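Me: I am new to this structure and would be grateful for a close look at one part of it, the pairing of aromatic rings. Please then relate that part to what surrounds it, in one connected account.

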Amino acid sequence: MKKGFKLFDVSKPGKGVKKNSGANFTFLGFFKLLKRKFFDLSKVNFLWIVTNFPLFFGFVALSGNFNIPFSAPADPLYPILDGVSKFTNNPGFMALWGISGKNVEMTYAGPVAEVLYALTFLAIFTFGFANTGMAYVLRNHAREEYVDMPSDYFRTIKKNFFQALILGIIDIVFSAIIIYDLIFFRLQANLGFIYSMFFYFSIFLAILWVFMHFYMYQLLVTFKLSIFKILKNSFIFSLIGLKRNFVALISMALVIGLNVLIYVYFLPLGGLLPFFITVALVNFIGVYAAYPNIKKIMIDPYYKSDDHIENTPEEPSVFHDMG
């Protein structure tokens with residue numbers, strides 16, 4: 001292999017990626033594959049949840065079992081009317097003030113809940129691990145290759161430990177910034193054209209970041225790349241693979257929307273679906289959409305290059321990944 005070509009490392013031991021996989025990556029092919037791999041997706045979904053165990057602290061805190069109850073007026077007009085009441089004793093006004101001041105039972109997070117919320121932030125250190133293990137498993141499922149769970153899942157995390165940790169932290173921090181920008185500029189949009197433009201730009205960044213997600217962790221488990229190159233190549237793929245990316249985005253939105261709809265009308269099932277299938281299914285859609293682009297642009301050209309010819313042994317050369 002030529003020294004300057006660093007995307008591929010055929011000397012690195014590993015199972016490898018076959019040049020020709022059994023998957024054809026068509027729209028109908030996805031549903032056929034999903035039918036065969038549905039229970040495997042539920043397994044990796046469970047592993048993802050277990051790896052991100054700090055999220056359980058947040059779920060317990062959100063249950064409200066550790067909140068402290070109190071009573072207070074809930075009407076948003078009450079603070080205004082309360083201030084005006086200091087300057088008038090009109091009977092009609094006083095009646096309105098009394099009605100708006102009706103107390104309702106509410107709660108706020110107590111000390112235990114606050115500790116649980118703080119522990120939830122530990123997920124910033126586990127998020128990258130979970131996504132790395134899931135990316136490897138889902139990529140192999142998409143290529144219709146054998147996966148030994150949970151050993152392959154945790155082996156991939158172990159082999160990519162530090163890069164998975166760093167990429168996960170970057171992922172959460174940047175995602176949080178985008179969410180904050182969306183909320184902030186949406187609330188300020190009525191203040192002028194500039195705020196509206198920033199809001200729409202935030203939407204563009206959010207979509208672009210979702211597209212990059214389709215590729216980031218797949219590139220991590222497939223190639224020997226630095227974090228900078230993973231992000232750079234993910235950005236490039238997010239633009240050149242727009243057709244498949246948009247189809248994946250719409251499909252993911254439909255899956256999440258269906259989960260929310262089930263949650264609204266049938267709470268027990270809707271609340272449990274993310275723990276059993278929704279997370280893996282949404283990620284599988286992204287992997288299935290992204291891998292053909294990765295194969296076409298980064299894998300297939302290698303097999304046609306001089307590097308592959310120079311390193312071809314008696315048996316067909318195999319591209320070694322980071323799984």
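Reply: In this model, which is predicted, 24 aromatic pairs are present. One of them joins Phe-30 and Phe-31: the ring centres are 5.4 Å apart and the planes stand at 85°. Planes over 60 degrees apart count as edge-to-face, so this pair, at 85°, is edge-to-face. The two partners are not covered alike by the rest of the chain. Phe-30 has a relative accessibility of 11% and is therefore buried, the limit being under 20%. Phe-31, by contrast, has a relative accessible area of 45% and is partly exposed.

Phe-30 and Phe-31 also belong to a wider group, an aromatic cluster that further contains Phe-25, Phe-27, Phe-284, Tyr-288 and Tyr-291. Helix 1 covers residues 27-51, and helix 12 covers residues 267-303. Phe-284 leads from the cluster to the nonpolar interior, for Phe-284 is among the residues that touch the most other members of the largest nonpolar core.

That core has 58 residues, and the others with the most contacts to fellow members are Leu-41, Trp-48, Tyr-153, Leu-219 and Ile-230. Eight helices contribute two or more residues each, namely helix 1, helix 6, helix 7, helix 8, helix 9, helix 10, helix 11 and helix 12. Helix 12 makes the greatest contribution, 17 residues. Ile-230 gives a view of the core from another side. Apart from neighbours within four places in sequence, Ile-230 is in contact with Gln-163, Leu-167, Met-216, Leu-219, Leu-220 and Leu-225. Leu-219, one of these partners, is itself among the core residues that touch the most other members.

Helix 12 deserves a second look, as Val-287 is located there. With a relative accessible area of 6%, Val-287 is buried, because that value is under 20%. Its contacts beyond four places in sequence are Leu-138, Arg-139, Ala-142 and Gln-218. Leu-138, Arg-139 and Ala-142 fall within the range of helix 6 (123-142), and Gln-218 falls within that of helix 9 (193-222). The C-alpha atoms of Val-287 and Ala-248 lie 9.0 Å from each other, although 39 residues separate the two in sequence.

From helix 6 the account passes to the loop between helix 6 and helix 7, where Glu-144 has its place. Glu-144 is not a glycine, yet its phi is positive, at about 60°. Its relative accessible area of 35% makes Glu-144 partly exposed. The side chain of Glu-144 forms a salt bridge with that of Arg-36, with N and O at 2.7 Å. Arg-36 belongs to helix 1, so this pair ties the helix to the loop between helix 6 and helix 7 across 108 residues of sequence. Helix 1 thus returns to the account here, as the helix that holds Arg-36.

The Arg-36 and Glu-144 pair is one of five salt bridges in the whole structure. Another joins Glu-145 to Arg-143, whose closest N and O atoms are 2.9 Å apart, and both of these residues are buried. Pro-150 is also in the loop between helix 6 and helix 7, and the peptide bond that joins Met-149 to Pro-150 is cis, with omega of about 5°.

A further salt bridge links the side chains of Asp-152 and Arg-155, N to O, at 2.9 Å. Both residues are in helix 7, separated by three residues, or about one turn of the helix. Asp-152 is buried, with 2% relative accessibility, whereas Arg-155, at 28%, is partly exposed.

One more aromatic ring has a charged neighbour. Arg-186 sits over the face of Phe-199, 6.0 Å from the centre of the ring.

These details may be set against the chain as a whole. The protein chain contains 13 helices and two strands, and 40% of its 323 residues count as buried. Among contacts with a separation of 6 or more, 80% are between residues 24 or more positions apart. The accessible surface is about 18,400 Å², and carbon and sulfur atoms make up 72% of that surface.

Methods. Residues numbered from 1 in each chain as written. Predicted model: local features only at pLDDT ≥ 70, side-chain atom pairs only at ≥ 80, totals over all residues. Heavy atoms only, no water. Core = buried A, V, L, I, M, F, W, Y, C linked by side-chain atoms within 4.5 Å. Buried < 20%, exposed > 50% of the residue type's maximum accessible area, 1.4 Å probe, protein only. Helix = DSSP H or I, 4+ residues; strand = E, 2+ residues; numbered from the N terminus. Contact = heavy atoms within 4.5 Å. Areas by Shrake-Rupley, 256 points an atom, 1.4 Å probe, with all protein chains shown as cover. Phe/Tyr/Trp six-rings, centres within 6.5 Å; stacked < 30°, edge-to-face > 60°. Lys NZ or Arg CZ within 6 Å of the ring centre and 35° of its normal. Salt bridge = Lys/Arg side-chain N within 4 Å of Asp/Glu carboxyl O.
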